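Please follow the structure below alongside the text. The paragraphs consider individual acidic residues and then the packing of helices.

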Amino acid sequence: MQLTIFDNPVKVYGIPEFYKTRKLERFPEEIRNKLVKFHSQFGSTATIEHISKRTIGARAAFRTNSRNIRIEMKLKTLEHDAGMSRFSCSSAAVYTGKGEGLVFRGLAVPGFDDMTGDITFEKDDKTEDIMIFFPRNEIVENIYISLDDGSSILPPTNYKYEQPVIFFGSSITEGGHAALVTNAYTALLSRWIDFEYYNFGLSGSCLGQPDIGKYICSLQPSVFVYDYDYNAPSAEYLEKTHEPFFKLVREKLPLLPVVLMSAPNYDSMPEADKRRDIIKKTYENAKKNGDNNIYFIDGKSFFGEEERQFCTTDTCHPNDLGFHRMARVIEPVLREILENT
């Protein structure tokens, strides 16, 4: 039996407009054009156009009793990243199970000059969930699924929290430099708490774009995690744009839980205290105005006190240890919000 992720009953997560456009692109064309126009004032727009198409955080899932499973991924792009492994940048990660019970089965890894990667594995004949996590850096053309003839294929088990959590931030939000896409803090939190999510990280390009804020509101998230900090070119730019972005979201969704976070790479970030205070001021001003659906997490707390220097790859981007520590700090906040919403 052969099918693709475009075929029922396979379900695609993490791409808001997929079932409208049938395109494996993170942002629809209308939003992408607005991003390109916004970034034209800063020079080249090629980077934001590519970033907005790639499907960071996307997943495809189904249930089957097939004993033999083959997953083949075909890419539209193959861009090697000096800071990250191909296992995260360009590979699809395949798991069986659900939530905290996910079992890693391996990777569909393309060659250095090959746009296709595949993995074949065996399991028992119990009906269970299969989840395929898309690569971080690439634009995916399609993913092909091969199962035993006569086996069943069913829709995946639903997330406990189906209304999406939306993350908006920089390359760290996107998962740089995790060794696997599933080791990014966003993916870890989704697995531990069992929620659907959209990853709106914009590597090097998160500048508090108002059109992104409007689009996020249109998607009616359950929680909005807003860690816009790292890409602001200066503390002055951050101060000029951070609170207005929050107010835009709050005006459209007055009861939406919003989590504000400052940067995890506190020790090496210029103006770290100044930037953190700007973000905290947005939080404090909202609280003074009676907003009880806003939360602040100090990025300085993410890496803990012990051996903080081992939590990044380049003094900026978290490695797997750094992402795990981040997720453990964020988890109780998100879990409490979702359980009480």
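In this predicted model, Glu128 has a relative accessibility of 13%. Glu128 therefore counts as buried, because the cut-off for that class is under 20% relative accessible area. Its place in the fold is strand E8, which covers residues 128-133. Leaving aside residues up to four places away in sequence, Glu128 is in contact with Phe62, Arg63, Thr64, Thr96, Gly97, Arg105 and Lys123.

A second glutamate, Glu174, belongs to helix H5, residues 171-174. Is Glu174 buried or exposed? With a relative accessible area of 3%, Glu174 is buried. The residues that Glu174 touches, again not counting those up to four places away in sequence, are Arg26, Ile51, Arg54, Ile56, Arg136, Asn199, Gly201, Leu202 and Ser203.

The discussion now turns to helix packing. Two packed helices are described by the angle between their axes and the distance between the axes.

Helix H6 (residues 185-193) and helix H10 (residues 320-339) have axes that come within 9 Å and cross at roughly 45°. Because of this angle, H6 is oblique to H10; an angle under 35 degrees would instead count as roughly parallel. The crossing in which H6 passes H10 is right-handed. On the H6 side, the contact is formed by Tyr185, Leu188, Leu189, Trp192 and Ile193. These residues meet Phe323, His324, Met326, Ala327, Arg328, Ile330, Glu331, Leu334, Arg335 and Leu338 of H10. By character, the residues of the contact between H6 and H10 divide into 11 nonpolar, one polar and three charged.

How do helix H7 and helix H8 cross, and at roughly what angle? The axes of H7 (residues 210-218) and H8 (residues 235-252) cross at roughly 25° and come within 9 Å. H7 is therefore roughly parallel to H8, because angles under 35 degrees fall in that class. H7 passes H8 in a right-handed crossing. To this contact H7 contributes Pro210, Ile212, Gly213, Lys214 and Cys217, while H8 contributes Phe245, Leu248, Val249 and Lys252. The residues of the contact of H7 with H8 comprise six nonpolar, one polar and two charged.

In summary, Glu128 in strand E8 and Glu174 in helix H5 have been placed in their surroundings. Of the helix pairs, H6 lies oblique to H10, whereas H7 runs roughly parallel to H8.

Key: Residues numbered from 1 in each chain as written. Predicted model: local features only at pLDDT ≥ 70, side-chain atom pairs only at ≥ 80, totals over all residues. Heavy atoms only, no water. Helix = DSSP H or I, 4+ residues; strand = E, 2+ residues; numbered from the N terminus. Buried < 20%, exposed > 50% of the residue type's maximum accessible area, 1.4 Å probe, protein only. Contact = heavy atoms within 4.5 Å. Axes fitted to C-alpha atoms, helices over the stretch in contact; angles between N-to-C directions. Parallel < 35°, antiparallel > 145°, perpendicular 65-115°, else oblique. Left-handed = near helix turned anticlockwise from the far one by under 90°. Nonpolar A, V, L, I, M, F, W, Y, C, P; charged D, E, K, R; others polar.
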